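User: Could you take a close look at one part of this structure for me? I'd like to understand one long helix and what surrounds it, with the aromatic residues along the way.

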Amino acid sequence: MIEIYLQDKLDHYHLLKDLKNGLRTFIKNGVIELSLASDRLMIIIDENFNFDEIIKPVIAEILKKHVIESKEEIWLLDIIDNIFFYDDREEQTEILAMAKSILSGERLDLPNVTKLFLTEQLIYSAFMDYLTRDSKFCYESFLTFRLKGYFDKLIDCVEMSIDEYQLEQEYQNLVESFRYYLKSRSPELTCVHLVIDEDYFFYDEFFQLISGEKLASYLDMEIIFEIGVPTEEMVISPLVSIAPMEIHLYCDEIDNTVIHSIQNIFQERVKLYNKEEFQVISSSLT
């Protein structure tokens with residue numbers, strides 16, 4: 001018989017519910033019986049049934065799921081607040097959302113995110129290593145002392161989330177500063193046609209290619225943020241410096257961070273086209 005001591009009434013309620021649902025078939029067939037005491041949850045298993053290969057993996061999976069669904073968010077918030085000292089509710093919410101997206105595998109674009117891949121496996125393995133047909137344990141103590149590896153991964157995840165949160169804040173501040181700059185900047189050209197291929201090609205309103213030298217002459221050195229990047233490889237700083245009223249952007253890859261940034265900064269001034277349309281439009285107007 002497995003005995004789990006539970007100090008938290010919510011854990012008691014939810015874990016019993018999860019075990020009833022997850023072990024329904026075994027309970028129905030008389031292989032398992034669930035029993036309750038005031039602070040204990042008992043799982044009585046038929047001695048003739050294969051525990052290690054059939055019952056134990058199912059119970060370990062149920063306990064793992066309970067930890068993730070009922071504890072993970074609480075622990076992430078605790079780490080954000082008490083280890084990294086972010087106590088503002090709005091900041092906590094944004095960092096938590098980032099952490100959950102990382103743990104769910106939605107942010108594979110981030111560096112080092114792969115080291116967080118096995119968090120669920122850590123919980124599952126901890127229960128699999130510990131459970132026997134006659135285990136007796138305090139649930140809270142198990143979570144504290146047996147899931148340290150998982151908790152360390154959550155700290156890594158929060159640290160990564162804070163880095164991304166700060167980068168996002170810096171990006172939003174940059175976008176806002178460029179929007180403010182554009183309100184007071186007189187346009188150097190009324191219209192720019194920008195073709196994004198492997199390189200960036202700037203054209204004026206008459207579809208004349210803007211040379212690198214000419215592009216450099218438009219640059220406002222006060223707003224350049226691409227430090228160390230050659231002028232011909234810049235795209236945001238020249239565009240903002242020119243401050244055109246219209247940007248006709250030709251590109252085949254719409255899901256592109258540069259395009260998103262141009263749209264965020266220039267908003268309704270941007271019109272998107274397929275790359276092939278540049279030849280069609282420029283030929284018809286020149």
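Analyst: Happy to help; what follows starts with helix 8 and its two helix partners, then turns to the aromatic rings and a few single residues. Please keep in mind that this is a predicted model.

Let's begin with the helix itself. Helix 8 covers residues 148-184, and its axis comes within 10 Å of the axis of helix 4, which covers residues 72-82. The two axes cross at roughly 55 degrees, and that angle makes helix 4 oblique to helix 8. The handedness of this crossing is right-handed. From helix 4, the residues making the contact are Glu-72, Trp-75, Leu-76, Ile-79 and Ile-80, and they meet Tyr-150, Phe-151, Leu-154, Ile-155 and Val-158 of helix 8. By class, this contact holds 9 nonpolar residues and 1 charged residue, with no polar ones.

The other partner is helix 11, residues 257-266. Here the axes lie 8 Å apart and the packing angle is about 50 degrees, so helix 8 and helix 11 are also described as oblique to each other. Helix 8 passes helix 11 in a right-handed crossing. On the helix 8 side, Tyr-171, Val-175, Phe-178, Arg-179 and Leu-182 take part, while helix 11 brings His-260, Ser-261, Asn-264, Ile-265 and Phe-266. This contact divides into 6 nonpolar, 3 polar and 1 charged residue.

Phe-178 is a good residue to follow from here, as it belongs to the contact with helix 11 and also has an aromatic partner. What is the geometry between the rings of Phe-178 and Phe-225? Their centres are 5.8 Å apart and their planes stand at 55 degrees, so the pair is tilted. Phe-178 sits in helix 8, whereas Phe-225 sits in the loop between helix 9 (212-218) and helix 10 (236-242), so the pair ties together parts that are 47 residues apart in sequence. The two rings also have their own burial classes: Phe-178 counts as buried because its relative accessibility is 3%, and Phe-225 counts as partly exposed because its value is 35%.

Now for the wider aromatic picture. The count comes to 13 aromatic pairs. One of them joins Phe-127 and Phe-142, which are stacked, with 4.5 Å centre to centre and 10 degrees between the planes. Phe-127 is part of helix 6 (residues 119-130) and Phe-142 is part of helix 7 (residues 139-146), so this pair links parts that are 15 residues apart in sequence. Both of these phenylalanines are buried.

There is also an aromatic cluster, formed by Tyr-203, Phe-207, Tyr-250, Tyr-273 and Phe-278. Within it, Phe-207 deserves a second look for its backbone: its phi is near 60 degrees, a positive value in a residue other than glycine. Phe-207 is placed in the loop between strand 6 (200-203) and helix 9, and it is buried because its relative accessible area is 10%, with the cut-off for buried being under 20%.

Val-195 leads back to that cluster from another side. This valine is found in strand 5 (residues 191-196) and is buried, with a relative accessible area of 8%. Leaving aside its neighbours within four places in sequence, Val-195 is in contact with Tyr-200, Phe-201, Tyr-203, Tyr-250, Lys-275 and Phe-278. Among these, Tyr-203, Tyr-250 and Phe-278 are also members of the aromatic cluster.

A positive phi also turns up at Ala-243, where the value is near 55 degrees, again in a residue other than glycine. Ala-243 lies in the loop between helix 10 and strand 7 (246-250). Its relative accessibility is 0%, so Ala-243 counts as buried.

One last stop is Asp-11, in helix 1 (residues 9-22). Is this aspartate buried or exposed? Asp-11 is buried, with a relative accessible area of 4%. Not counting residues up to four places away in sequence, Asp-11 touches Leu-6, Leu-16, His-66, Ser-70, Lys-71, Tyr-139 and Glu-140.

Conventions:
Residues are numbered from 1 along each chain as its sequence is written. This is a predicted model: local features need pLDDT of at least 70, side-chain atom pairs count only at pLDDT 80 or more; totals for chains, interfaces and linings use all residues. Side-chain values use heavy atoms; hydrogens and water are left out. Helices (H or I, at least four residues) and strands (E, at least two) are DSSP runs, numbered from the N terminus. Buried means under 20% relative accessible area, exposed over 50%, partly exposed in between (1.4 Å probe, protein chains only). Contact means heavy atoms within 4.5 Å. Axes are lines fitted to C-alpha atoms, for helices over the stretch in contact, and angles run from 0 to 180 degrees between N-to-C directions. Angles under 35 degrees count as roughly parallel, over 145 as roughly antiparallel, 65 to 115 as roughly perpendicular and the rest as oblique. A crossing is left-handed if the near helix is turned anticlockwise from the far one by less than a right angle, and right-handed if clockwise. Ala, Val, Leu, Ile, Met, Phe, Trp, Tyr, Cys and Pro count as nonpolar, Asp, Glu, Lys and Arg as charged, and the others, Gly among them, as polar. Rings of Phe, Tyr and Trp (its six-membered ring) pair if their centres lie within 6.5 Å; planes under 30 degrees apart count as stacked, over 60 as edge-to-face and the rest as tilted.
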